[in-house]
Amino acid sequence: MTELLPPLREVIARHGLSASRALGQNFLFDEQLLDRIAAIPGDLAGKAVLEIGPGPGGLTRALLRAGAQVTAIEMDRRCLPALDELGTAFEGRLNVIEGDALKLDQNALMQGGPYAIVANLPYNVGTELFTRWLSGETWPPRWTSLTLMFQEEVARRIVAAPDSSAYGRLSVLAQWRSEARLAMKVHRSAFTPPPKVMSAIVHVTPMEMPEGVSARLLSRVTEAAFGQRRKMLRQSVKGLPGAIEALDTLGIDSQRRAETLSVHEFVEIARILSA
Ligand code: SAM
């Protein structure tokens, strides 16, 4: 099947797909690299995958080669003819939906069982979707893993440990009921056109949710605490009813700053506030 596919650069040229800066388009053409990315979620043979932002289809063809059943959401209609060709090459395995992933109901699109999510998205869209995927009150989610390209700096924030400058809201969000790891660094020169900064792929898998903790309240705690990360907790969380009392109950020194608290400590504060 693979040998029948034309090189990606030829696909781009034939369909006139010059990268649009407005749509955050930086394409990957290296098929070996794309196959390595498609391998990050594990064995995809026969599995459902939701890909956001397939563009000309580089990562899409790697996912199809890995045996996945792919649903892809792309908002740039110029890419649709190239994706159509891919759908013909992998008959019955690719469903392309034209639209804005921020506006579509993904669970409704992915009928039935579980699915893995894979995406190489512009920074703002990727972070917004990431936050939504991890913020639901219902857990575990229907997705079984997230394999997402970010600017390296954002990826480091997602997997950061306490007592580091990268540790913050994204770290707690990604780690309190999921496992998040930095799966691969991707050099800027791998993209066309190359972005200004390095990229990295983060892999997230859901774990068990701690009982009695509201995701919304945990988010409010981290918002307050990291909103003024240089201040002591007694200052930063004082606007959150019950938070100072929760620190007392847990024996957490209110002179500490947000970045010194473990993910577990944040969860315990939120548990008390959720009661
Ligand atoms: N997956 C391709 C690759 O790796 O070469 C393209 C990656 S490019 C960085 C991001 C893609 O996401 C572009 O094709 C862009 O049109 C698409 N995109 C941007 N915002 C989107 C949105 N809100 N919904 C769906 N697709 C979007």
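**An exposed loop residue and the sheet behind it**

D163 is exposed, with a relative accessible area of 57%, where exposed means over 50%, buried under 20% and partly exposed in between (1.4 Å probe, protein chains only). The model is predicted, and local features need pLDDT of at least 70, side-chain atom pairs count only at pLDDT 80 or more, and totals for chains, interfaces and linings use all residues. Residues are numbered from 1 along each chain as its sequence is written, and side-chain values use heavy atoms, with hydrogens and water left out.

The surroundings of D163 are a loop, the one that runs between helix 7 (152-159) and helix 8 (169-175); helices (H or I, at least four residues) and strands (E, at least two) are DSSP runs, numbered from the N terminus. The backbone at D163 also deserves a look, since this residue has a positive phi of about 65° although it is not a glycine. Most residues other than glycine have a negative phi, and most peptide bonds are trans.

From this loop the reader can turn to the sheet, which is open and has 7 strands in the order 4-3-2-5-6-9-7, with mixed pairing; two strands pair if DSSP finds at least two bridges between them. At its edges are strand 4 (94-98) and strand 7 (178-186), each of which pairs on one side only. From one strand to the next, the twist averages 20°, an angle that is taken between axes fitted to C-alpha atoms, for helices over the stretch in contact, and that runs from 0 to 180 degrees between N-to-C directions.

Within that order, strand 6 (residues 143-151) stands between strand 5 and strand 9, and its two pairings run in opposite senses, parallel with strand 5 and antiparallel with strand 9 (residues 199-206). On the side of strand 5 (115-120), 6 bridges make the join, and the bridge partner that I117 finds in strand 6 is L146. On the side of strand 9 there are again 6 bridges, and here L148 stands opposite V202. Strand 6 is largely enclosed by the rest of the structure, because 7 of its 9 residues are buried.

Two helices lie across the part of the sheet that includes strand 3 and strand 4. Helix 3 (residues 58-65) crosses strand 2 (48-52), strand 3 (69-74), strand 4 and strand 5, and it runs at about 175° to strand 2. How much of helix 3 is covered? Helix 3 is mostly covered, with 7 of its 8 residues buried, and these buried residues are G58, L59, T60, R61, A62, L63 and L64. Just after the end of helix 3, the backbone at G67 takes a positive phi of about 95°.

Helix 4 (residues 80-89) lies across strand 3 and strand 4, and its direction is at about 165° to that of strand 4. One of the residues in helix 4 is L80, and from there the chain can be followed to other parts of the structure. Once its neighbours within four places in sequence are left aside, L80 is in contact with V96 and E98, contact meaning heavy atoms within 4.5 Å; both of these partners fall in the range of strand 4, 94-98. L80 can also be compared with P56, which is 24 residues apart from it in sequence, while the two lie 7.9 Å apart in space, C-alpha to C-alpha.

The loops that lead into strand 6 and strand 9 each hold a proline that follows a cis peptide bond. Where is P140 placed? P140 is found in the loop between helix 6 and strand 6, and the peptide bond from W139 to P140 is cis, with omega near 0°. The other proline, P193, has its place in the loop between strand 8 (191-192) and strand 9, and the peptide bond that reaches it from T192 is likewise cis, with omega near -10°. Read together with the sheet, these two loops bring the reader back to the antiparallel pair, since strand 6 and strand 9 are joined by 6 bridges, and L148 and V202 stand opposite each other there.
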